[in-house]
Amino acid sequence: MNTAALVAIAATIGNLLQGWDNATIAGAIVYIKEELSLESTVEGLVVAMSLIGATLITTCSGSISDWLGRRPMLITSSVFYFVSGLVMLWSPNVYVLLVARLLDGFGIGLAVTLVPLYISETAPSDIRGSLNTLPQFTGSGGMFLAYCMIFGMSLMTSPSWRVMLGILSIPSIVYFALAVFYLPESPRWLVSKGRMLEAKQVLQRLRGREDVSGEMALLVEGLAVGGETSIEEYIIGPPGELADGQEPTGDKDHIKLYGPEEGLSWIAKPVTGRQSSLALASRQGSIVNQSMPLMDPLVTLFGSVHEKLPETTGSMRSALFPNFGSMFSTADPHAKNEQWDEESLLREDEGYVSEGGADSDDNLHSPLISRQTTSLEKDMVPPQSHGSILSMRRGSSIMQGNAGEAMGIGGGWQLAWKWSEREGEDGKKEGGFKRIYLHEEGVPGSRRGSIVSVPGGDVPAVGEFVQAAALVSQPALYSKELLDQHPVGPAMVHPSETAVKGPFWAALLEPGVKHALIVGIGIQILQQFSGINGVMYYTPQILEQAGVEVLLANLGIGSESASFLISAVTTLLMLPSIGVAMRLMDVSGRRTLLLTTIPVLIVSLVILVIGNVFDLGTIPHAVISTVCVVLYFCCFVMGYGPIPNILCSEIFPTRVRGLCIAICALVYWIGDIIVTYTLPVMLTSIGLAGIFGIYAVVCVISWIFVFLKVPETKGMPLEVITEFFAVGARQVAAAKSE
């Protein structure tokens, strides 16, 4: 098991404690109500107080985590869990209990909000969905263990609700120890603060390899928020490959692409006659949209990528250039390894802008790994060190038998940069420096030794090349100030100079961020009002009212104990369901799981309504209610349970990810409070049939929302996902203006 998975498991202890708390309060409230003589309003307040605490802490957790880091907030969460457990163990009256529940809510709020964020920022993109399903698994596991404990204690003569709630302090000590001594800081957060050396060391630990320069470059590019992104298409091959056998069209038809390693480059030729599926989806909105005008163009844009994924979907191995290695593995292994960190600022008088020095283009260091700049006052000449496929292969880790090193940035995507020289108004040469995310288009015959004729471009008859769609945008660190200086080479600013000390509120107005917020907030609202948390908190009472005690009466088990036992079995059945979801999350995808499981939720709720409206007899009613509730829970945890948090942790830029997730989580907790606090009243007023009827209607609305608005993000790097949202937002704006 790799380090990233172990780190994710350790982080999700906070979610285990949340599940534990949900189950213990569901059981303990029965005894708290009897001992303290609580009215229904106060009873609901005791349960909802932790949700109020979670809501309050969420209002500031995102911006603070963007400022101080993810790891300190997880440590703080463990402290809140520990203190609240001790106070609940002592609670002499309902007022102290309410304070303890509030502190408990602080711990829950931090864990639920930040653990998915933390996992998304540390996990490889190919298993990010699976690892981000772990919070659902550990949460359900915590509920199962807690219900088993409550069931055992309910068989005692005088069960102690204080012990039920106070045991929370014991596992919270383990959580604290892991957070302090094992969990690293998020490498993306470290990069956002300019702490490049620390970020590199964390990535090396998480990935289990020394060469992480490609991913470091990707993390730096993720610092960009907004900006104009265009979709282009290229034929790409090693330096000199496209030039062989072609008509003398001149170098102006070729573009030189630079990889994130020193001396690594390719030649690309724009394709003008044929549009990739990605470009087609971007420019025309969607072919499907012709018959489905309400569908978000963003959904089709993401879908056009997944339709073209190679069969090795889910692997981080390179899809682009599959036959001659990775962009990140062909550089000279003995190349100089500069540490571009805040410490490098101490170098004496090393400027960012080159004025035509002796540096060669072919020795260009990665602009995101090294601060070296280059002169572009001469013609580009393909580097002799790897001017052929065979010479590239000699340096490739594939030829060394270590295929694990041959990888892109995930999901068939690769990262590169291009420099286009032009003459400015003052007659001086200046350039446009662009960052490119490349994705193989899978054109038939684009494999080794094939004979291809692609419309719109002359391609060599024999050779290794690929046709790729490209997301082209301004590099994250190529600032406007540098553009105004008319640099000769691709000068960069250091990430520490762009770090924001407080919340980056202005970024929330960027079209891509606003679009992502609509998706995130919408799915969180609908998830809550599908009723899962309300049903969870009151499962014992719901099953008791449904007559489930009849099933276990012959065993001599009382109604309350029977309800706890059924709840334990229900949560136990959830665990294999979540295991299936973990397997499918990065294969079938988030969107497919939602569209498949939500209809099952609807059917389960409709049957529950029918069973409560018509008199089916005591035993049939109990059986139907129990089966439907179990089916509802199992399908929920496969899709609608984990996926909203997974999506929200993926669709926002690094700079504002914590802030935006906090906004979505705030909506989540407000909805949770409303559902939980109103459920006792609704049970007495409209009954179970009315409640489940409302939930069924919400689930129908949820399916429509997912179908029209929620894109598929499986396997894609976080930075590419946010780039797509920027492009999709423009498509929506263009559609509205027509």
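1. A good place to start in this predicted model is helix α3, which covers residues 40–68. It has 29 residues and runs 41 Å from its first C-alpha to its last, close to the 42 Å expected at 1.5 Å a residue.

2. Do look along α3 for a bend, though: a kink of about 45° is centred on Ala48. Just after the helix comes Gly69, with a positive phi near 115°.

3. Next, turn to the surface. Which residues form the nonpolar patch there? They are Val79, Phe82, Val83, Leu86, Ile173 and Phe176, and together they have about 460 Å² of accessible area. Two elements, α4 (70–90) and α9 (169–181), each give two or more residues to this patch, and α4 gives the most, with 4.

4. Within that patch, Ile173 is worth a click. This residue lies in helix α9. Its relative accessibility is 48%, so Ile173 counts as partly exposed, the range for that label being 20% to 50%.

5. For a contrasting setting, find strand β6, residues 466–473. Is this strand enclosed or open? Because 8 of its 8 residues are buried, β6 is largely enclosed by the rest of the structure. Val466, Ala468, Ala470 and Val472 point one way from the strand, while Gln467, Ala469, Leu471 and Ser473 point the other way, and all are buried.

6. Finally, see how β6 is paired. Strand β1 (residues 229–237) runs antiparallel to β6, and the two are joined over 8 bridges. To find your place in this pairing, pick Glu232: its bridge partner in β6 is Ala470, one of the buried residues of that strand.

Definitions and conventions. Residues numbered from 1 in each chain as written. Predicted model: local features only at pLDDT ≥ 70, side-chain atom pairs only at ≥ 80, totals over all residues. Heavy atoms only, no water. Patch = residues over 30% accessible without salt bridge, like charges linked within 9 Å, V, L, I, M, F, W, Y side chains within 5 Å. Areas by Shrake-Rupley, 256 points an atom, 1.4 Å probe, with all protein chains shown as cover. Salt bridge = Lys/Arg side-chain N within 4 Å of Asp/Glu carboxyl O. Buried < 20%, exposed > 50% of the residue type's maximum accessible area, 1.4 Å probe, protein only. Pairing = 2+ DSSP bridges. Expected span 1.5 Å × (residues − 1). Bend = angle between axes of the 7 residues up to and from the residue.
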